[in-house]
Amino acid sequence: IVVDYGTATKFDYFSAEGVFESAVTCPGIMISARALWGGTAKLPEIEIKDPGTIMAKDTITSLQAGIMYGHIGEAEYIIKWCID
């Protein structure tokens, strides 16, 4: 599995012989974040970083947690599906 984090997040799956088998393409972390704060009236633009907790008590930390851990969960799920 090769993961490319860019404008889009792409997961490419290759066989043991190195032959391309399939791919999954998802919105990249910055596109997701910009859609979140750009598409809502009251959510601010934030620094994308690990807030150190999944469950937050304020808006900024909540946004950081959703963005970071959402993408981590996405990656874990797709990679697990590929190797099972």
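A residue counts as buried when its relative accessible area is under 20%, as exposed when that area is over 50%, and as partly exposed in between. The exercises below apply this cut-off, among others, to a predicted model.

**Exercise 1. Decide whether C82 is buried or exposed, and find out why C82 and C26 form no disulfide.**

Step 1. The relative accessible area of C82 is 17%, and the limit for a buried residue is under 20%, so C82 is buried.

Step 2. C26 can be treated in the same manner: its relative accessibility is 10%, and therefore C26 counts as buried too.

Step 3. A disulfide is a covalent bond between the sulfur atoms of two cysteines. For a pair to be counted here, the two sulfur atoms must lie within 2.5 Å.

Step 4. The cysteine sulfur closest to that of C82 belongs to C26, and because the distance is 11 Å, the two are too far apart for a bond. Looking from the other side, the sulfur of C26 has its closest cysteine sulfur in C82, again at 11 Å. In agreement with this, the structure holds zero disulfides.

**Exercise 2. Work out in which order the strands of the sheet are arranged, and which strands stand at its edges.**

Step 1. Strands of a sheet pair through backbone hydrogen bonds, either parallel or antiparallel. In this model three strands form an open sheet in the order β1-β2-β3, and the pairing is antiparallel.

Step 2. β1 (2–5) and β3 each have a single partner strand, so these two stand at the edges, and one side of each is left without a neighbour in the sheet. On average, and with direction ignored, neighbouring strands are turned by 15° against each other.

Step 3. Between β2 and β3 (residues 20–27) there are seven bridges. F11 has V24 of β3 as its bridge partner, while D12 stands opposite A23 in β3.

Step 4. The hairpin of β2 and β3 has five residues between the strands, and in this hairpin G18 takes a positive phi near 90°.

**Exercise 3. Describe the surroundings of T9 and D12, and state how α2 lies with respect to the strands.**

Step 1. T9 is placed in strand β2 (residues 8–14), and D12 is found in β2 as well.

Step 2. With a relative accessible area of 0%, T9 is buried; D12, with 16%, is also buried.

Step 3. Setting aside residues up to four places away in sequence, T9 touches V3, D4, V24, T25, C26, P27, G28, I29 and E74. When its neighbours within four places are left out, D12 is in contact with I1, V2, F20, S22 and A23.

Step 4. Helix α2 lies across β1, β2 and β3, and runs at about 15° to β2.

**Exercise 4. Determine at what angle helices α1 and α2 cross, and which residues make their contact.**

Step 1. The axes of α1 (residues 29–38) and α2 (residues 59–83) come within 11 Å and cross at roughly 145°, and this crossing is right-handed.

Step 2. From α1, the residues I29, S32, A33, L36 and W37 take part in the contact, and from α2 the residues L63, I67, M68 and H71.

Step 3. Sorted by character, the residues of this contact are seven nonpolar and two polar, with no charged ones.

Terms used
Residues are numbered from 1 along each chain as its sequence is written. This is a predicted model: local features need pLDDT of at least 70, side-chain atom pairs count only at pLDDT 80 or more; totals for chains, interfaces and linings use all residues. Side-chain values use heavy atoms; hydrogens and water are left out. Axes are lines fitted to C-alpha atoms, for helices over the stretch in contact, and angles run from 0 to 180 degrees between N-to-C directions. Helices (H or I, at least four residues) and strands (E, at least two) are DSSP runs, numbered from the N terminus. A crossing is left-handed if the near helix is turned anticlockwise from the far one by less than a right angle, and right-handed if clockwise. Contact means heavy atoms within 4.5 Å. Ala, Val, Leu, Ile, Met, Phe, Trp, Tyr, Cys and Pro count as nonpolar, Asp, Glu, Lys and Arg as charged, and the others, Gly among them, as polar. Buried means under 20% relative accessible area, exposed over 50%, partly exposed in between (1.4 Å probe, protein chains only). Two strands pair if DSSP finds at least two bridges between them.
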